[in-house]
Amino acid sequence: MSEHGDVQGEFEFDHRWAEAAEHKEPSARARMLAARWKENPPGPVPFRGEVGPVAPRRSSWISTAVVLGCVAAVIVLLGYAQTHGLR
């Protein structure tokens with residue numbers, strides 16, 4: 001059992017050593033994109049693309065009214081069910 005502990009200590013990863021490395025290998029996604037772009041380079045992309053039509057935003061009071069209306073409907077439905085014994 002002590003032999004296993006000694007071997008484990010030899011292979012312990014040292015983050016400081018890894019961060020100090022001069023050459024860092026690119027990620028798998030970076031390698032994939034580099035290979036893809038070598039064959040078919042991407043076209044130029046503007047800093048800010050054209051903005052499409054924007055749907056008008058609902059005002060906050062309409063959303064509040066819808067939520068309160070739903071809550072009121074549930075309360076009325078539960079009251080109706082209790083008074084008429086619909087369980």
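## Helices and overall fold

Helices here are DSSP runs of H or I with at least four residues, numbered from the N terminus. In this predicted model, the chain contains 4 helices and 0 strands. Following the sequence, the pattern reads α-α-α-α.

Helix H4 covers residues 60-83. H4 is 24 residues long and spans 35 Å between its first and last C-alpha, close to the 34 Å expected at 1.5 Å a residue. After H4 comes Gly-85, which has a positive phi, near 65°.

## Confidence

Mean pLDDT for the chain is 80, and 83% of the residues score at least 70. The score is lowest in helix H1, residues 2-10, where the mean is 52. Helix H3, residues 28-39, has the highest confidence in the chain, at 92.

## Surface and burial

The chain has 87 residues, and 1% of them count as buried. Its accessible surface amounts to about 9,100 Å². Carbon and sulfur atoms account for 62% of that area.

## Nonpolar patch

Trp-61, Ile-62 and Val-66 form a nonpolar patch of about 320 Å² on the surface. One of these residues, Trp-61, is located in helix H4. The relative accessible area of Trp-61 is 60%, so this residue counts as exposed, the cut-off for that class being over 50%. Trp-61 therefore also passes the limit of over 30% relative accessible area that is set for residues in a patch.

## Salt bridge

Across the whole structure, the search returns 1 salt bridge. Arg-31 and Glu-25 are joined in a salt bridge through their side chains, with an N to O distance of 2.9 Å. This distance falls inside the limit of within 4 Å used for such a contact.

The two partners belong to separate accessibility classes, as their values show. Arg-31 has a relative accessible area of 41% and is therefore partly exposed. Glu-25, at 61%, is exposed. Neither value is under 20%, the cut-off for a buried residue.

Notes: Residues numbered from 1 in each chain as written. Heavy atoms only, no water. Patch = residues over 30% accessible without salt bridge, like charges linked within 9 Å, V, L, I, M, F, W, Y side chains within 5 Å. Areas by Shrake-Rupley, 256 points an atom, 1.4 Å probe, with all protein chains shown as cover. Helix = DSSP H or I, 4+ residues; strand = E, 2+ residues; numbered from the N terminus. Buried < 20%, exposed > 50% of the residue type's maximum accessible area, 1.4 Å probe, protein only. Expected span 1.5 Å × (residues − 1). pLDDT = per-residue confidence, 0-100.
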